[in-house]
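Visitor: I would love a close look at a single part of this model, and then a walk outward from there. Could you take me through it at an easy pace?

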Amino acid sequence: FDGGCRPNPGPIEAAVVLRGAVHVHDDLGHGSNSDAEWLALICALRLVRGLGLCQVTLLGDAAEIILCANLALRTGKARSGHAAQFLDLAAGVPGLRIRWIKRAQNLAGIALAARHPR
C-alpha cells in the first residue's frame, strides 16, 4: 500500500497492489501525506476484508504509519481517527501483520509514481 498527495497538503490518492492487481483510489478527499498513508492502509484492509483473507502481511514504506498501526494492533488503542478506523477494520482480519519495506520495493508506490511522470 502507498498513499500520497500533490501538493502536500492536497488531494489524496492511494494505491494497493493485491495479488498482482493494482487498485488505485483517488477520491479520498484532501489532507497531508500522513493522512494519505493511513487511508492507503485502510483501503488495503478493506480489500483484504472484501476477499475474506486472513494471515495477511501488508507492506508499506511509511515507517511512522506502520509503527503507529502496529502499536494500535498490540495495545488495542487508537491515537487518531485514522488509527481507530484501522483498528475497527483490522479486527476482522485474523493474523494481520504490517511490515515496512523500502520505497523502491513498494509496488503500490511505483504504481502511484507512474501516474505522475516527470
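Visitor: Where is the place of glutamine 55?

Guide: Happy to start there. Please keep in mind that this is a predicted model. Glutamine 55 sits in the loop between H1 and E5. Its phi is near 55°, a positive value in a residue other than glycine. Most residues other than glycine have a negative phi. As for its surroundings, glutamine 55 counts as exposed, at 52% relative accessibility.

A second residue can be put beside it. Arginine 19, too, has phi near 55°, again positive in a residue other than glycine. Arginine 19 belongs to the loop between E2 and E3, and with a relative accessible area of 68% it is exposed.

The backbone has another kind of feature to show you, in the loop between E1 and E2. Most peptide bonds are trans. The bond from arginine 6 to proline 7, however, is cis, with omega near -5°, and proline 7 lies in the loop between strand E1 (2–5) and E2. A cis peptide bond also joins asparagine 8 and proline 9, where omega is about -5°. Proline 9 is found in that loop between E1 and E2 as well.

Now let us return to the helix that comes before the loop of glutamine 55. Helix H1 spans residues 33–50 and holds glutamate 37. Glutamate 37 is buried yet has no salt bridge. The nearest side chain of opposite charge is that of arginine 103, and it is 5.6 Å away. A salt bridge here calls for a side-chain nitrogen within 4 Å of a carboxyl oxygen, so at 5.6 Å arginine 103 does not form one with glutamate 37. Leaving out residues up to four places away in sequence, glutamate 37 touches Phe1, Asp2, Gly3, Asp61, Ala62 and Ile65.

Two of those contacts, Asp2 and Asp61, lead us to the charged partners of arginine 103. The side chains of arginine 103 and aspartate 61 meet in a salt bridge, at 3.0 Å from N to O. This pair links distant parts of the chain, 42 residues apart: arginine 103 is in the loop between strand E6 (97–100) and H4, while aspartate 61 is in the loop between strand E5 (57–60) and helix H2 (63–75). Arginine 103 is partly exposed, with a relative accessible area of 48%, whereas aspartate 61 counts as buried at 15%. Salt bridges that share partners join Asp2, Asp61 and Arg103 into one network.

Arginine 115 is worth a visit next. It forms a salt bridge with glutamate 13, with the closest N and O atoms 2.9 Å apart. Here the pair is 102 residues apart and links distant parts of the chain, from the segment after helix H4 (107–114), home of arginine 115, to strand E2 (residues 10–18), home of glutamate 13. Arginine 115 is partly exposed, at 36% relative accessible area, while glutamate 13 counts as buried at 10%.

Arginine 115 has another salt bridge, to aspartate 26, at 3.1 Å from N to O. Aspartate 26 lies in the loop between strand E3 (21–25) and strand E4 (30–31), and this pair, 89 residues apart, also joins distant parts of the chain. Aspartate 26 is partly exposed, with a relative accessible area of 49%. In total, the structure holds four salt bridges.

Finally, let us step back to the whole chain. The secondary structure comes to four helices and six strands, and along the sequence they follow the pattern β-β-β-β-α-β-α-α-β-α. The radius of gyration is 13 Å, close to the 13 Å that the globule rule gives for 118 residues, so the chain is as compact as a globular protein of that length. Its C-alpha atoms fill a box of roughly 40 × 30 × 25 Å along the principal axes.

Of the 118 residues, 42% count as buried. Among contacts with a separation of 6 or more, 64% come from residues 24 or more positions apart. The accessible surface is about 6,500 Å², and carbon and sulfur atoms account for 55% of it. As for charge, the chain has 13 positive and 9 negative side chains, and the centres of the two sets lie 8 Å apart.

Note on methods
Residues numbered from 1 in each chain as written. Predicted model: local features only at pLDDT ≥ 70, side-chain atom pairs only at ≥ 80, totals over all residues. Heavy atoms only, no water. Helix = DSSP H or I, 4+ residues; strand = E, 2+ residues; numbered from the N terminus. Buried < 20%, exposed > 50% of the residue type's maximum accessible area, 1.4 Å probe, protein only. Lys, Arg positive; Asp, Glu negative; His and termini not counted. Contact = heavy atoms within 4.5 Å. Rg over C-alpha atoms; globule rule 2.2 N^0.38 Å. Areas by Shrake-Rupley, 256 points an atom, 1.4 Å probe, with all protein chains shown as cover. Charge placed at Lys NZ, Arg CZ, Asp CG, Glu CD.
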